[in-house]
Amino acid sequence: MADDSIAVVDLDRCQPDRCNYECMNFCPPNRTGKECIVKRGDAYDEDDNYAGSDDQVWISEEICLGESCGICVEKCPFDAIEIINLPQELGDEPVHRYGENSFALYGLPAPQEGRVTGILGPNGIGKTTAVHILADEMTPNLGRFDEEPAWKAVIDEYRGTELQDYLEDLREGDMTVARKPQYVDQIPDQFDGTASELLERTDERGALDDLIERTGIGPVVDNHIDDLSGGELQRVALVATLARDADFYFLDEITPYLDIGQRMTAAQLIQELAEDEDRSMLVVEHDLAILDLLADALHVAYGEPGAYGIITSPKSTKNGINEYLSGYLDNENMRFRQQEIEFEEHAPRSVSTGDVVAEYPDLTKSYGDGEFSLDVEAGQIRESEVLGVVGPNGIGKSTFAKLLAGRLEPDAGTVDADLDIAYKPQYIEIDQPMRVDAFLSSITDDFGSSYWNTEIAQPLQLDAVMEQQLTDLSGGERQRVAIAACLSEDADLYLLDEPSAHLDVEQRVMATSAIRRYAENHDATAMVIDHDIYMIDLLSDRLLVFDGEPAKQGHASPPVEMREGMNQFLSNLDVTFRRDERTSRPRINKPGSQLDRQQKRDGEYYYAP
């Protein structure tokens, strides 16, 4: 195989007990007597430590003919093989490769003192591998997976670059690291105690009280960690990380489960720590509006998820995001995605005029004296529309969803009991020992049909996980399966609570497209609760806006058209948006900027018309 090609075998999908080794039998080099594709047990010595089982396949990258052949890729019944031509401009050896036929990472981000550096890229592209290297949790092997080079060789590889000083300080013990985990909902599995007990362990800068106050977690710090919501866990994890006294802070997805106001508070705290105390901040984030506001520079990560990833040199944040959306990197002269991610140039869409599919009266719900209460004004939900639902956390959005879905009984008012509702909850708990394909086929008779594959499976990229166990799925995979399960039901109303959580940018766009297309093609109605302005902007015909005092009292007005609703919502937050002149994507105006002040004077918080 040429030096600019790699072979990847997905061991989770390679199932030799269910095939006839078509890849081996049809491989042209194998048929000439060469050992290009063999069983892994035959490729390694008995004392070798290798991944996978003896019966799974191994591909010799020296003998393989490369992507121009691709017969094994076509013949594998489980899509377990990829033969990939790497970009010709790449040239260098990888920073790290997990083994032959395994994932390879090219390039590392370069943290800088006093700055916030962002990484933008799809899931499974090597961002976490890069962080493990920068945190001294693993030694990069420079592609030599059969040996582990000394750190000196690694530093020599980066001599003369921005990373040289960082890596030298790291190895000499002059660099300390604090990390915020990606999946905060796993914290209760690792810690048993109250939030305050967890936070007291991390208070190394004497800033804990200020961080608690500014993030608003004071009322819950004495609660057991098991009793915290996703948004509360996210803020506790952020505070625990920023309270540490470190030189380098890595923050993996700061926005899931946080509302817009909480996201902006998190961004401000990160920026202040970088600027005021010269700390290095590295942030992986899929909320483009927050990343745009937060980062001083941006690395774009691209490649083939699960196969190889490339991290570019730093770019300006604006150019990096716009190039990522366009799918073309200017400096690298590299097209890594055929389709540009586009935003409507003239939003909002016209208001739906379909028939009324659901009409609800004034509703009230109280959880008891001194507890949270919600009042909802009567409203209508129309056929074939997507109704976006926005508002701060703890304001009653999920309570309203549960009232509609029949999961809660209102104290006053009656919800139509004949309304069939498919409901995807905010927090996805999957504990069934069941394969994904079996789970989805139990929901709909249309499973596997051409229409179901085209409208649900393909947009949600489910092919790669169909044969996995539900319990083995990552957070993003669980989210996509849950969205598919919701849309697969036969219902009058599809109610999805925070479908963007743990999805990367492409996955969010694809999920948005799936929900939107399903509503349009089936005269179906969807109601989507989410904090990602990009998703709400692309998805919604109208808005249902919640306001009030979080955790105490919530109120919902009747649904309104997009501009009116967004102006109402954003004015409550004192935040203004504008459209990027090149891509039309929503961008948060810097607070106090000339444009921010002008839009507030004009009452146009949702970008100037």
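**Figure 1. Helix α12 lies across three strands of a predicted model.** The strands are β7 (116-120), β9 (248-252) and β10 (280-284). Helix α12 covers residues 260-277. The angle between α12 and β10 is about 150°. α12 also gives the most to the largest nonpolar core, with eight residues.

**Figure 2. An open sheet is built from eight strands.** Their order is β5-β6-β12-β11-β7-β10-β9-β8. The pairing in this sheet is mixed. β5 (96-97) and β8 (177-180) are the edge strands, and each pairs on one side only. Inside the sheet, β6 (residues 104-106) and β12 (residues 308-311) run parallel. Three bridges join β6 to β12. Tyr106 has Ile310 of β12 as its bridge partner.

**Figure 3. The largest nonpolar core has 87 residues.** Leu199, Leu242, Ile270, Met281 and Tyr308 have the most contacts inside this core. The view centres on Leu242. Beyond its neighbours within four places in sequence, Leu242 is in contact with Arg205, Leu211, Tyr249 and Leu251. Leu269, Ile270, Leu273 and Met281 are also in contact with Leu242. In soluble globular proteins, nonpolar side chains tend to be buried together.

**Figure 4. A second, separate core has 35 residues, including Val436.** Ile456, Ala519 and Ala524 are also among them. Val436 lies in helix α16 (residues 436-441). Val436 has a relative accessible area of 0%, so this residue counts as buried. Residues up to four places away in sequence aside, Val436 touches Val465, Met466 and Gln468. Leu470, Leu473 and Val481 are touched by Val436 as well. Ser500 gives a distance reference: Val436 and Ser500 are 64 residues apart in sequence. Their C-alpha atoms are 20 Å apart in space.

**Figure 5. Side chains alternate along strand β17 (residues 373-376).** Leu374 and Val376 point to one face and are buried. Ser373 and Asp375 point to the other face and are not buried. β17 pairs with strand β16 (residues 363-366), and the two run antiparallel. Four bridges join β16 to β17. Thr364 stands opposite Asp375. β16 and β17 form a hairpin, with six residues between them. Gly368 sits in the turn and has a positive phi of about 125°. β17 also pairs with strand β24 (residues 553-556), here in the parallel sense. That pairing spans four bridges. Ser373 has Gln553 of β24 as its bridge partner.

**Figure 6. Strand β22 (residues 525-529) is largely enclosed by the rest of the structure, because five of its five residues are buried.** Both faces are covered. Thr525, Met527 and Ile529 are buried on one side. Ala526 and Val528 are buried on the other. Strand β19 (residues 386-390) runs parallel to β22, and four bridges join the two. Leu387 has Met527 as its bridge partner in β22. Strand β21 (residues 493-497) also runs parallel to β22, with five bridges between them. Leu496 has Val528 as its bridge partner in β22.

**Figure 7. Tyr21 and Asp136 have positive phi, although neither is a glycine.** For Tyr21, phi is about 55°. Tyr21 is placed in the loop between β1 (5-9) and α1 (22-26). At a relative accessible area of 16%, Tyr21 falls under the 20% cut-off, so it counts as buried. For Asp136, phi is about 60°. Asp136 is placed in the loop between α5 (127-134) and α6 (151-157). Its relative accessible area is 32%, so Asp136 counts as partly exposed.

**Figure 8. The close-ups belong to a protein with 22 helices and 27 strands.** Its C-alpha atoms fill a box of roughly 75 × 60 × 50 Å along the principal axes. The radius of gyration is 25 Å, which agrees with the value near 25 Å for a compact globule of 609 residues. Buried residues make up 56% of the 609 residues. Among contacts with a separation of 6 or more, 70% join residues 24 or more positions apart. The protein exposes about 26200 Å². Carbon and sulfur atoms supply 41% of that area.

How values were computed: Residues are numbered from 1 along each chain as its sequence is written. This is a predicted model: local features need pLDDT of at least 70, side-chain atom pairs count only at pLDDT 80 or more; totals for chains, interfaces and linings use all residues. Side-chain values use heavy atoms; hydrogens and water are left out. Two strands pair if DSSP finds at least two bridges between them. Contact means heavy atoms within 4.5 Å. Axes are lines fitted to C-alpha atoms, for helices over the stretch in contact, and angles run from 0 to 180 degrees between N-to-C directions. The radius of gyration is taken over C-alpha atoms; the globule rule is 2.2 Å times the number of residues to the power 0.38. Buried means under 20% relative accessible area, exposed over 50%, partly exposed in between (1.4 Å probe, protein chains only). Accessible areas come from the Shrake-Rupley method with a 1.4 Å probe; for residues, only the protein chains shown count as cover. A nonpolar core is a set of buried Ala, Val, Leu, Ile, Met, Phe, Trp, Tyr and Cys residues joined through side-chain atoms within 4.5 Å.
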